[in-house]
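Visitor: Take me through one part of this model at close range. I would like the metal site, donor by donor, with the geometry spelled out.

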Amino acid sequence: MTGDVVAWRRHLHAHPELGFGEHETAAFVAEKLRSFGLEVAEGIGGTGVVGTLRHGGGNRAIGLRADMDALLIAEATGLEYASRNPGRMHACGHDGHTAALLGAAQAMAADPGFEGTIHFIFQPAEEHGRGMQAMLADGLLQRFPMDEAYGIHNMPGMPVGAFATRPGPLMAAEDNFEIVVAGRGAHAARPHLAVDPILTGSAIVLALQQIVARRLDPVDPAVVSVTEFITDGTRNVIPNIVRIKGDCRSYRPDISAAIEREMRRIAEATALAHGATAEVIYTREFIPTVNHAAQTEAALAVAGGVFDSVDADCAPLMGSEDFAHLLAAVPGNFAFIGNGEACASLHNPAYDYADAALPGTIAYLVALARSRLG
Ligand SMILES: [Zn+2]
Ligand SMILES: [Zn+2]
């Protein structure tokens, strides 16, 4: 059975698709779920798929969720099953998550051992934090009512056979920003005729560091990262405009609001001091992932019987996860499963999901469903 799952995983790995474009992936998932005898609904929130398995007389239902999307990264693994879609890559292991959830569906269809309903949820577009919202907006919880929901993510750096989660906040909120600094372009040799947006923008980048260092309480985790600095200049031309883009993480709405407020003040006032103007576009992409206590206790109890090591109170991460939207609507747990200590980091061109993690992941999902729908 695991042999099939490894083959599915490698097939998915070789055919990565970007968020909301997972047409072949969704068709593959739906075909497999039907072949196991599940009821299958497709096209939920775009390319989302739900397979439903009912057994016995119980009226409780749980959701188990995987994500299907890949990234805009050129794969550099050299594997024989490397991406055949140039510039696209399963560099976050969603191929492994999808294959493992299919493996769990296959195992439970063959040997249920539960009373009630399991919804196997395959969501699109996790990477940009839009897929779960799209499924929820498309009636996920009305069409497939569930009492609890569970999700996992593989984790490089943790050994295969290791499991980690924690009650309460596990992953952060993500905000994005773009600051458009408008100056006045000029000949590079006549800078006195310019209002230099590069100089202004550079001052803004430096000043933004004071938000975390000097504006927020040190006990409140937060990150402000500038990740892009784009100009319309050329080697001998001072540009008209600079676009500064970046990413902020935090755990509470009031911290996110404080970051935005300070960013606007710093950008606008620094630009003014340089004779330029700055416009800030600030958007909120992911909400924090917050685990529920009772479901986390249940997940830990099950994990203890499956994995070699279990960390019941791992450190929260500043990364973000779209499953947060389901956890905000339904009690549940999100957990990390080791993908190997030598594994390249997530979103790295050399990353690959560890097939050795599939049996443990499937065993966990199966045991969890049976334990919650006993
Ligand atoms: Zn990712
Ligand atoms: Zn991921």
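**A bridged pair of zinc ions**

Guide: Cys92 bridges two zinc ions, ligand 1 and ligand 2, and the ions lie 3.2 Å apart. Keep in mind that the model is predicted.

Start with the zinc ion (ligand 1). Its protein donors are Cys92 (SG), Glu127 (OE), Glu127 (OE) and His347 (NE2). They lie 2.0 to 2.5 Å from the ion. Glu127 is listed twice, each time through OE.

Now the geometry. The angles among the 4 donor atoms of ligand 1 run from 55 to 153°. A tetrahedral site needs all angles between 85 and 135 degrees, so this range rules that label out. Square planar needs opposite donors over 155 degrees apart, so that label fails too. The site counts as irregular.

Where do these donors sit along the chain? For ligand 1 the spacing reads C-x34-E-x219-H. Cys92 belongs to the loop between β3 (61–67) and α3 (94–110). His347 belongs to the loop between β16 (332–338) and α10 (358–372). The pair therefore ties together parts that are 255 residues apart in sequence.

Next, the zinc ion (ligand 2). Cys92 (SG), His94 (NE2) and His153 (NE2) coordinate this ion. The distances are 2.1 to 2.3 Å. Its donor residues follow the spacing C-x1-H-x58-H. Cys92 thus appears again, as it coordinates both ions.

Are the donors buried or exposed? Cys92 has 6% relative accessibility and counts as buried. The cut-off for buried is under 20%, so Cys92 meets it. His94 is buried as well. His347 is partly exposed, with a relative accessible area of 38%. That value falls between the 20% and 50% limits, so neither buried nor exposed applies to His347.

One more set of contacts helps to place the site within the model. The structure holds 6 aromatic pairs. In one of them, Phe163 and Phe307 are stacked, 5.2 Å centre to centre with 25° between the planes. Phe163 lies in strand β6 (residues 162–164), and Phe307 in the loop between α8 (293–304) and β15 (309–311). This pair therefore joins parts 144 residues apart in sequence. Phe163 is buried at 1% relative accessibility. Phe307 is buried too, at 8%. Ring pairs link Phe163, Phe307 and Tyr364 into a cluster.

Back to the metals to finish. Cys92 is the bridge between ligand 1 and ligand 2.

Methods. Residues numbered from 1 in each chain as written. Chains lettered and ligands numbered in written order. Predicted model: local features only at pLDDT ≥ 70, side-chain atom pairs only at ≥ 80, totals over all residues. Heavy atoms only, no water. Phe/Tyr/Trp six-rings, centres within 6.5 Å; stacked < 30°, edge-to-face > 60°. Helix = DSSP H or I, 4+ residues; strand = E, 2+ residues; numbered from the N terminus. Buried < 20%, exposed > 50% of the residue type's maximum accessible area, 1.4 Å probe, protein only. Donors = N, O, S within 2.8 Å, 3.2 Å for Na, K, Ca; no water. Tetrahedral: all angles 85-135°; square planar, octahedral: opposite > 155°, others 65-115°.
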